[in-house]
Amino acid sequence: MNAPAWDRLSARLYPFVRRRVACDADADDVLQDVLLRMHRGLGSLEDEARMGAWMFRIARTAIADHQRRRARHPLLAQAPGVEPEAPLDDDDRAVATLVSEYLAVFVAQLPSPYREAITLTELSGKSHKEAAEMLGVSLTCMKSRVQRGRAKLRELLDEQCDIVVDARGKIVSCEPRSNGCEC
């Protein structure tokens with residue numbers, strides 16, 4: 001293939017790839033990978049009439065590989081220009097420990113369906129789908145329970161604790177209110 005043919009392929013594939021990845025730079029990387037795979041595999045293409053389907057299959061595979069790579073390496077998955085979170089220092093750990101102790105008390109106060117949903121998804125790390133299967137409810141129902149459970153948990157925290165957050169939304173202080181908080 002000559003250079004204009006590769007340019008036409010690039011122009012045809014780029015919008016397809018860009019809709020499926022996070023940013024322009026990732027789209028460029030994936031497109032380059034697609035074109036390289038196509039170049040290497042041209043000899044194995046048996047029916048030139050099926051070239052369109054073949055190249056989009058290669059593109060889908062390259063996009064899936066890219067997304068798997070990003071999932072394995074979360075620091076690479078961050079949006080460009082966003083700094084990775086700094087590791088917790090001793091003050092941050094102390095606040096996080098205090099908040100987690102308060103949360104355990106409040107999660108126990110939630111009504112049963114919300115307590116189960118929050119415990120399974122947020123504390124045990126189960127996916128919504130896994131939690132729904134464990135409880136014998138639909139995925140939509142589980143998502144609703146988690147969302148409502150989070151809202152109820154937030155209400156309990158707001159009622160009984162003074163929470164101070166910084167400009168980034170990071171908790172810097174969490175103190176029980178003097179109205180008989182069970183924290």
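Mentor: Start with one term: buried means under 20% relative accessible area, exposed means over 50%, and partly exposed lies in between. Keep in mind that this is a predicted model.

Trainee: Is Pro113 buried, exposed or partly exposed?

Mentor: Find Pro113 in helix H5, which covers residues 112-123. Its relative accessibility is 31%. Buried needs under 20% and exposed needs over 50%. So Pro113 counts as partly exposed.

Trainee: How far apart are Pro113 and Gly149 in space?

Mentor: In sequence, 36 residues separate Pro113 and Gly149. In space, go from C-alpha to C-alpha. That distance is 8.3 Å.

Trainee: Which residues of H5 are buried?

Mentor: Buried calls for under 20% relative accessible area. In H5, that picks out Tyr114, Ala117, Ile118, Leu120 and Thr121.

Trainee: Which residue with a positive phi follows H5?

Mentor: Look just past the helix. The phi there is positive, near 75°. The residue that follows H5 is Gly125.

Trainee: In what order do the elements of the protein chain run?

Mentor: The chain has seven helices and two strands. Read from the N terminus on. The order is α-α-α-α-α-α-α-β-β.

Trainee: What share of the protein chain counts as buried?

Mentor: Take the protein chain with its 183 residues. Apply the cut-off of under 20% relative accessible area. The buried share is 29%.

Trainee: Which helix gives the most to the largest nonpolar core?

Mentor: In soluble globular proteins, nonpolar side chains tend to be buried together. Here the largest nonpolar core has 21 residues, and Leu9, Leu13, Val17, Val30, Val34, Leu35 and Met38 touch the most other members. Helix H1 (3-18), helix H2 (24-41) and H3 each supply at least two residues. With eight residues, the one that gives the most is H3.

Trainee: How far apart are the closest N and O atoms of Arg37 and Asp33?

Mentor: Both residues sit in helix H2; because they are four residues apart, about one helical turn separates them. Arg37 is partly exposed at 27%, and Asp33 is partly exposed at 22%. They form a salt bridge, with the closest N and O atoms at 3.0 Å.

Trainee: Which residue forms a salt bridge with Glu122?

Mentor: Side chains of opposite charge can pair when their charged atoms come close. For Glu122, the closest N and O atoms in the salt bridge are 2.3 Å apart. The partner is Arg150.

Trainee: Which helices does that pair link?

Mentor: Glu122 and Arg150 are 28 residues apart, in distant parts of the chain. Glu122 is partly exposed at 38%, and Arg150 is partly exposed at 45%. The helices are H5 and H7.

Trainee: What is the N to O distance in the salt bridge of Arg154 and Asp158?

Mentor: An α-helix has 3.6 residues a turn, so residues three or four places apart point the same way. Arg154 and Asp158 both lie in helix H7, four residues apart. Arg154 is partly exposed at 48%, and Asp158 is partly exposed at 34%. Their N to O distance is 3.2 Å.

Trainee: Which residue of the positive surface patch is found in helix H3 (residues 51-72), with a relative accessible area of 45%?

Mentor: The patch gathers Arg19, Arg20, Arg50, Arg57 and Arg60. A relative accessible area of 45% counts as partly exposed. The residue is Arg60.

Notes:
Residues numbered from 1 in each chain as written. Predicted model: local features only at pLDDT ≥ 70, side-chain atom pairs only at ≥ 80, totals over all residues. Heavy atoms only, no water. Patch = residues over 30% accessible without salt bridge, like charges linked within 9 Å, V, L, I, M, F, W, Y side chains within 5 Å. Areas by Shrake-Rupley, 256 points an atom, 1.4 Å probe, with all protein chains shown as cover. Salt bridge = Lys/Arg side-chain N within 4 Å of Asp/Glu carboxyl O. Lys, Arg positive; Asp, Glu negative; His and termini not counted. Charge placed at Lys NZ, Arg CZ, Asp CG, Glu CD. Buried < 20%, exposed > 50% of the residue type's maximum accessible area, 1.4 Å probe, protein only. Core = buried A, V, L, I, M, F, W, Y, C linked by side-chain atoms within 4.5 Å.
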